[in-house]
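Please work through the following exercises with the sequence and the model in view. Each task is followed by a solution in steps.

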Amino acid sequence: MREYKIVVLGSGGVGKSALTVQFVQGIFVEKYDPTIEDSYRKQVEVDGQQCMLEILDTAGTEQFTAMRDLYMKNGQGFVLVYSITAQSTFNDLQDLREQILRVKDKVDVPMVLVGNKCDLEAERVVGKQQGANLANHFDCVFMETSAKAKISVNEVFYDLVRQINKKSPKEEKNKKKPRLCRML
Amino acid sequence: MLVRGCGGGELRHSLAERTKALAAKCHALRSPAREQRSVERRRPRNRKSQTRWYVKQPTWRLWGEEKVDGAVYTVYLKKVRYHRPTRSASSESDDEISHLEWETVRVRFVKAGTVERLVEALATDDGELESTYVNVFLATYRSFAECGKVLDLLLRRYQALASEDVLPATVDTSQQHRKTLVACLHVWLDTYPEDFRQPPHHPALQQLLAFTQLHLPGSELHSKVLQKLAVFSAERNGCVGGAGVCLAPGMRVLQHHTSAYRLPHVPHRHFAEQLTRMDMELFKKLVPHQCLGAVWSRRDKDRSHDAATVLATVNQFNAVSFRVISTVLVEPNLRPIERTDILAAWLDIARELRVLKNFSSLKAIISGLQSNPVYRLRKTWAILSKEKAELFEELARIFSEDNNRWAQRELLMREGTAKFADTVGENDRQLQKLLHERGSPGVSHGTIPYLGTFLTDLTMIDTAIPDTVFDGLINFDKKRKEFEVLAQIKLLQGAANAYHLPCDPLFDRWFDSVIILDDREAYQLSCQIEPPTNPPKERRPKNINNNSQGHRKNDSIASTSSSNSSQFYCETDGAGNAWKRDSLERRISPTRLSHGSSSSSLPSLDVSLSSANSGQKTANGKAPATSPAHPNKTGPDFYIIRVTYESDCVETEGVVLYKSIMLSNNERTPQVIRNAMLKLNLDGDPDSYTLSQVLPEKEMVLPSNANVYYAVNTAYNLNFILRPRKPQTEAIVNGKAKNKRT
Ligand SMILES: Nc1nc2c(ncn2[C@@H]2O[C@H](COP(=O)(O)OP(=O)(O)O)[C@@H](O)[C@H]2O)c(=O)[nH]1
Ligand SMILES: [Mg+2]
């Protein structure tokens with residue numbers, strides 16, 4: 001079964017962990033244990049194919065700035081999350097995207113732009129059109145979600161799987177290039 | 001058969017015992033039988049049972065839930081032995097005892113409840129102290145109640161018990177209950193004295209004082225309260241000594257008068273020890289409950305200030321990574337092998353950190369090396385020796401994100417409270433060699449964990465588990481879950497006392513003097529060192545202003561003059577001087593440093609940079625060019641200059657301390673002075689200082705509004721002196737006249 005490493009990025013408080021938990025657990029369960037090794041893994045079927053998604057949530061470590069590069073290096077697909085209730089979280093994404101492109105050294109990286117907390121319509125400060133524009137600018141898919149109201153959460157991840165499939169149809173058998181091109 | 005609630009002695013799962021169990025486990029885990037664990041993925045069930053210490057004991061059985069007014073309990077049935085005075089209870093294993101000697105006891109745990117009910121549950125039905133519960137409660141209550149509220153409930157309960165017309169038969173129980181409440185207050189005051197600080201009037205403590213005066217005059221609790229009050233008010237009146245003093249009592253100061261703290265030729269072990277000493281101080285000060293998801297990860301609620309000790313740890317972690325990145329990149333003109341030597345030096349330091357079991361700085365260094373601007377330097381990495389490259393992979397493997405950071409968790413479990421580092425994977429050739437070389441170490445060490453794993457766990461617990469259940473009852477099971485993580489942190493904090501590390505103020509000075517590069521600066525430098533082979537075609541917004549190269553200097557000025565600029569020189573011109581940490585050297589948080597350098601002394605490869613970094617920009621607005629916008633350019637548009645502050649300060653006598661700052665090509669004197677002041681931690685008006693370049697024969701004072709980039713003499717070292725402006729001495733150019741302030 002093919003494995004997909006998905007990284008969820010965005011400022012603190014936008015709902016990254018909520019999205020992750022919502023996706024991985026479905027419902028909030030009492031027995032949730034974040035310290036076991038498959039707590040961020042989920043098997044799903046996308047377009048008739050079984051996939052194993054491993055979600056890398058940077059929750060709680062957003063401020064360990066030096067580690068972001070590593071997350072990005074390891075990730076195959078990225079969820080860039082802002083909250084529709086906080087303009088600054090939207091603005092932060094430009095930098096994050098640039099960092100991803102630099103680290104990946106590619107122009108085209110599987111990515112979904114997500115405006116979360118769309119259940120809080122009354123507190124909205126980032127318009128839907130703004131999100132769509134940014135996605136257009138990023139040349140990526142845009143979705144508004146609510147981790148709380150369970151709106152479009154799975155779709156975000158399914159879309160990423162499809163993007164990854166499209167960009168690299170087959171599982172690369174030889175896991176990327178050797179770390180340091182050292183030929184001794 | 002159902003018997004009453006649990007007896008006190010049966011259920012002591014105090015932190016101490018849990019700690020012992022963990023420690024024992026750590027030892028047990030080190031048996032060779034468990035060596036081949038890497039074979040396959042662990043079964044999660046197994047791991048779960050390790051953490052549910054009170055649930056899965058063989059003689060426990062879940063019975064169900066019990067709802068009462070304001071609380072829900074989980075009820076277990078537990079088999080216990082009859083008390084047989086003739087036999088020593090511990091002499092036989094449980095299995096050998098006939099079933100006739102067992103009875104079943106019904107034990108209940110609060111699952112959820114109102115604050116009132118949760119406070120009541122500090123004592124069992126019999127009035128015994130429920131120590132596990134008390135520990136969990138005190139470690140986590142802040143997320144559902146204020147200190148004052150809890151204290152109030154506790155005291156009220158005591159008063160109610162005291163005034164109750166109790167039946168003679170229950171007098172004992174009532175007294176026991178009160179005794180337990182007093183015990184709780186003791187534990188609270190001892191374990192979390194900070195809760196009671198509440199400056200300036202310490203209301204909770206005052207309330208407690210009034211209570212003890214009335215109900216428990218002359219008691220131990222009473223005098224404890226008085227003593228705490230005295231301490232707080234003394235502190236308020238500024239009688240605390242030693243704040244900011246680096247030396248812990250009894251610590252030896254290593255004197256490194258003449259050594260240049262200059263990578264790569266640094267004493268690795270010493271550097272590792274000093275990093276560990278810094279981490280240890282912060283880790284011991286860490287307040288575990290500040291790590292709770294509700295406190296640390298809720299920046300949307302602007303509570304980050306409640307997590308100051310966590311932030312300090314994170315800042316230190318970043319500071320170490322920044323230093324790795326900066327020392328590798330800051331000198332663009334090193335020969336590849338020289339740069340590789342710097343990588344190797346950091347790896348050697350990292351190796352020593354592994355021996356010291358300092359996983360925080362270890363990970364910080366690995367993260368720095370894995371950061372894109374450093375990691376992408378293929379030519380530099382390519383000539384790293386095979387051993388070093390192997391070492392890097394082995395160390396990096398420790399922090400693999402795979403399987404929810406399984407490797408790291410396992411390692412911490414095994415070595416957390418063990419005395420020495422002795423866990424290596426079968427494939428870790430370099431680490432095996434290292435431990436072999438060291439033989440059995442004579443000194444035992446504590447452990448400093450990488451805090452991020454705990455922070456993630458706590459954040460996820462907080463996200464996944466609801467705060468309230470059953471229509472608004474506080475979900476205490478969530479608190480238990482959180483406490484499992486907090487208990488581990490506390491345990492490791494205790495273990496950190498095993499470190500005995502000397503304090504070297506010169507190291508701190510070196511540490512502070514290293515320039516901090518932000519993301520873009522680092523990437524730009526990196527691209528200067530090794531231009532991208534295949535520069536990504538950046539998709540830029542159409543309205544970006546690309547004409548920023550107008551004032552670009554086109555000649556490539558090699559910054560030879562700034563070689564070693566990231567290093568800290570300590571020049572001694574006389575007798576040995578013992579430094580004190582003076583106010584100049586107080587640690588500036590890396591965020592501030594970074595911000596300082598990014599907003600003011602940026603390389604000016606792109607004019608939009610400074611605005612991009614100084615504030616929010618709208619996503620649809622212009623984006624700063626971060627990728628090598630001009631790959632054919634070879635030289636930097638900035639210099640790194642070294643600035644020292646000249647004063648009469650006795651502490652620095654005889655020693656010249658340089659700080660590095662970046663000087664970009666559009667910065668004028670006041671701005672450069674401001675940057676230097678920030679780096680040197682000086683306050684005041686830039687106009688009251690002068691800046692001069694040190695030249696072999698003379699000093700050149702910079703005119704008060706010069707474009708410094710063009711004004712400096714690049715034929716010589718870019719060493720500068722910042723000094724207070726003397727009245728009436730505007731344009732002195734010659735002479736190294738000391739500005740002794742009179
Ligand atoms: N109303 C609403 N709140 C949300 C949503 N997603 C997350 N939150 C809340 O926003 C806060 C931050 O969420 P969290 O997942 O911790 O954000 P993170 O820091 O990005 O991981 C929490 O209080 C969540 O309950 C959502 O879709 N709607
Ligand atoms: Mg989070």
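**Exercise 1. Cysteines**

Determine whether B:Cys527 is buried or exposed, and state how many disulfides the structure holds.

*Solution.* The model is a predicted one. Step 1: the relative accessible area of B:Cys527 is 9%. Step 2: buried means under 20%, so B:Cys527 is buried. Step 3: A:Cys140, at 18%, is also under that limit and is therefore buried. Step 4: over all chains, the number of disulfides is 0.

**Exercise 2. The sheet of chain A**

Give the order of the strands in the open sheet of chain A, and identify the edge strands.

*Solution.* Step 1: the open sheet has 6 strands, and their order is E2-E3-E1-E4-E5-E6 in chain A. The pairing is mixed. Step 2: strand E2 (41-46) and E6 of chain A pair on one side only, which makes them the edge strands. Step 3: from one strand to the next, the twist averages 30°.

**Exercise 3. Strand E4 of chain A**

Describe the pairing of E4(A) with E1(A) and with E5(A), and state how many residues of E4(A) are buried.

*Solution.* Step 1: strand E1 (residues 2-10) of chain A runs parallel to E4(A), and 5 bridges join the two. A:Val7 is opposite A:Phe78 of E4(A), and A:Gly10 is opposite A:Val81 of E4(A). Step 2: E4(A) and E5(A) also run parallel, joined by 6 bridges. A:Val79 has A:Val112 in E5(A) as its bridge partner. Step 3: the side chains are sorted by direction. A:Gly77, A:Val79, A:Val81 and A:Ser83 point one way from E4(A), while A:Phe78, A:Leu80 and A:Tyr82 point the other way. Step 4: 7 of the 7 residues of E4(A) are buried, so the strand is largely enclosed by the rest of the structure.

**Exercise 4. Helix H4 of chain A**

Explain why the buried residues of helix H4 (residues 128-138) of chain A lie on the same side, and state what covers them.

*Solution.* Step 1: the buried residues are A:Gly131, A:Leu134, A:Ala135, A:His137 and A:Phe138. Step 2: because their arc around the axis is only 160°, they are on the same side of H4(A). A general rule fits this reasoning: an α-helix has 3.6 residues a turn, so residues three or four places apart point the same way. Step 3: A:Lys128, A:Gln129 and A:Asn136 are exposed on the other side of H4(A). Step 4: the cover of the buried residues includes strand E4 (77-83), helix H3 (87-104), strand E5 (111-116) and strand E6 (141-144) of chain A. Step 5: H4(A) lies across E4, E5 and E6 of chain A, at about 155° to E6(A). H3(A) lies across E1, E4 and E5 of chain A, at about 165° to E4(A). Step 6: after H4(A) comes A:Asp139, with a positive phi near 60°.

**Exercise 5. Aromatic pairs**

State how many aromatic pairs the whole structure contains, and describe one in chain A and one in chain B.

*Solution.* Step 1: the search finds 23 aromatic pairs over all chains. Step 2: one of them joins A:Tyr82 and A:Phe90, edge-to-face, at 4.8 Å centre to centre with 80° between the planes. Both A:Tyr82 and A:Phe90 are buried. Step 3: B:Tyr158 and B:Phe211 also form an edge-to-face pair, with 5.1 Å centre to centre and 85° between the planes. This pair links distant parts of the chain, since B:Tyr158 is in helix H5 (residues 147-163) and B:Phe211 in helix H7 (residues 203-215) of chain B, 53 residues apart. B:Tyr158 and B:Phe211 are both buried. Step 4: one aromatic cluster is made up of B:Tyr133, B:Phe137, B:Tyr141, B:Phe144, B:Trp188, B:Phe196 and B:Phe476.

**Exercise 6. Backbone details in loops**

Locate B:Pro200, B:His202 and A:Ser152, and describe the backbone at each.

*Solution.* Step 1: B:Pro200 is in the loop between helix H6 (171-191) and H7 of chain B. The peptide bond from B:Pro199 to B:Pro200 is cis, and its omega is near 0°. Step 2: B:His202 is in the loop between H6 and H7 of chain B. Its phi is positive, near 50°, and at 4% relative accessibility B:His202 is buried. Step 3: A:Ser152 is in the loop between E6 and helix H5 (153-167) of chain A. Phi of A:Ser152 is positive, near 60°, and at 25% relative accessibility A:Ser152 is partly exposed.

Conventions. Residues numbered from 1 in each chain as written. Chains lettered and ligands numbered in written order. Predicted model: local features only at pLDDT ≥ 70, side-chain atom pairs only at ≥ 80, totals over all residues. Heavy atoms only, no water. Buried < 20%, exposed > 50% of the residue type's maximum accessible area, 1.4 Å probe, protein only. Helix = DSSP H or I, 4+ residues; strand = E, 2+ residues; numbered from the N terminus. Arc of directions from axis to C-beta. Contact = heavy atoms within 4.5 Å. Pairing = 2+ DSSP bridges. Axes fitted to C-alpha atoms, helices over the stretch in contact; angles between N-to-C directions. Disulfide = S-S within 2.5 Å. Phe/Tyr/Trp six-rings, centres within 6.5 Å; stacked < 30°, edge-to-face > 60°.
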